[in-house]
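This report describes how strands and helices are arranged in one chain and how that chain meets its partner. Please consult the sequence and the structure while reading.

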Amino acid sequence: MLHIVNKSHTQTNALASCLRLAQAGQALLLTEDAVYAATVAGAAPSGITGVLQTLKVYALQPDVDARGMAGKLVDGVTAIDYGGFVDLVAEHTNNQSWL
Amino acid sequence: MATKKFMFVNRKAPFGTVYALESLEVVLIAATFDQDVSLVFIDDGVYELVKGQNPKGIGIKNHSPTYRALDGYDVEKLFVERESMQARGLTEADLLVPVEVLSGAEMADLMAEQDVILSF
């Protein structure tokens, strides 16, 4: 299963609820404002640090770049491009876009 | 047409946004096509099911009675996350329809087995 979150962890509880319900071995893609959660500064307060061992965490590079966060992703998060986004959706049997 | 497992994830309070009402509309459409429909209520979505809603004073139609009509469309799988309900000081007695209360872990299992998940 692929979880997709697009809101900042400081703006809404979407990421927090996603992390509460995501199961070990599942994938999480952070897009748009959610990429702040994958930065060195945001990873601990957002809860991302705590799930890097159990979830596969991805961040959409164009959204990271757009926000001036290039080079600031925390170790363990994989940056992907739009093609990688499509691959992730195709690889997983289902997905949930958290609003 | 093959039946798919559809889950509608409701995480918004009823009147602040249009999500709750839109979710109900799409649920009814899915039910019309004889799909296997589950509704889950997480976070503020639990507030959608609270008894005694009366939005007359804010000029919005009260759509909450529609939840009671869902079983007429063979939509009988309503699930509430226990943690979300308890965090809001609610119990099953406060809700306007019978639901199955699940832990977060049970909710996660249910979510993982769906074909299609729609967020509201």
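In this predicted model, helix α1 of chain B (residues 19-32) lies across β1 (5-10), β2 and β5 of chain B, and its direction is at about 170° to that of β1(B). Helix α4(B) lies across β1, β2, β3, β4 and β5 of chain B and runs at about 140° to β3(B).

The strands that these helices cross belong to an open sheet of 5 strands in chain B, with the order β4-β3-β2-β1-β5 and parallel pairing. Because β4 and β5 of chain B stand at the edges with a single partner strand each, one side of each has no neighbour in the sheet. On average, neighbouring strands of this sheet are turned by 25° against each other, direction ignored.

The table lists bridge partners within the sheet.

| Residue | Bridge partner | Strand of the partner |
|---|---|---|
| Leu39(B) | Leu78(B) | β3(B) |
| Phe41(B) | Val80(B) | β3(B) |
| Phe79(B) | Glu100(B) | β4(B) |

From β3(B) the chain passes through helix α3 of chain B (residues 82-87) to β4(B), and this β-α-β crossover is right-handed. Strands β3(B) and β4(B) (residues 100-102) pair in the parallel sense over 3 bridges. For β2(B) (residues 36-41) and β3(B) (residues 77-81), the parallel pairing extends over 4 bridges.

Chain B also meets chain A: 14 residues of chain B are in contact with 12 residues of chain A. On the side of chain B that touches chain A, α4 (104-112) and β5 (116-119) of chain B each supply at least two residues. Helix α4(B) gives the most to this side, with 5 residues. The residues of this side comprise 8 nonpolar, 3 polar and 3 charged.

Methods
Residues are numbered from 1 along each chain as its sequence is written. Chains are lettered from A and ligands numbered from 1 in the order in which they are written. This is a predicted model: local features need pLDDT of at least 70, side-chain atom pairs count only at pLDDT 80 or more; totals for chains, interfaces and linings use all residues. Two strands pair if DSSP finds at least two bridges between them. A crossover is right-handed if, with the strands pointing away from the viewer, the path from the first strand over the helix to the second runs clockwise. Two residues are in contact if their C-beta atoms, placed from the backbone, lie within 7 Å. Ala, Val, Leu, Ile, Met, Phe, Trp, Tyr, Cys and Pro count as nonpolar, Asp, Glu, Lys and Arg as charged, and the others, Gly among them, as polar. Axes are lines fitted to C-alpha atoms, for helices over the stretch in contact, and angles run from 0 to 180 degrees between N-to-C directions.
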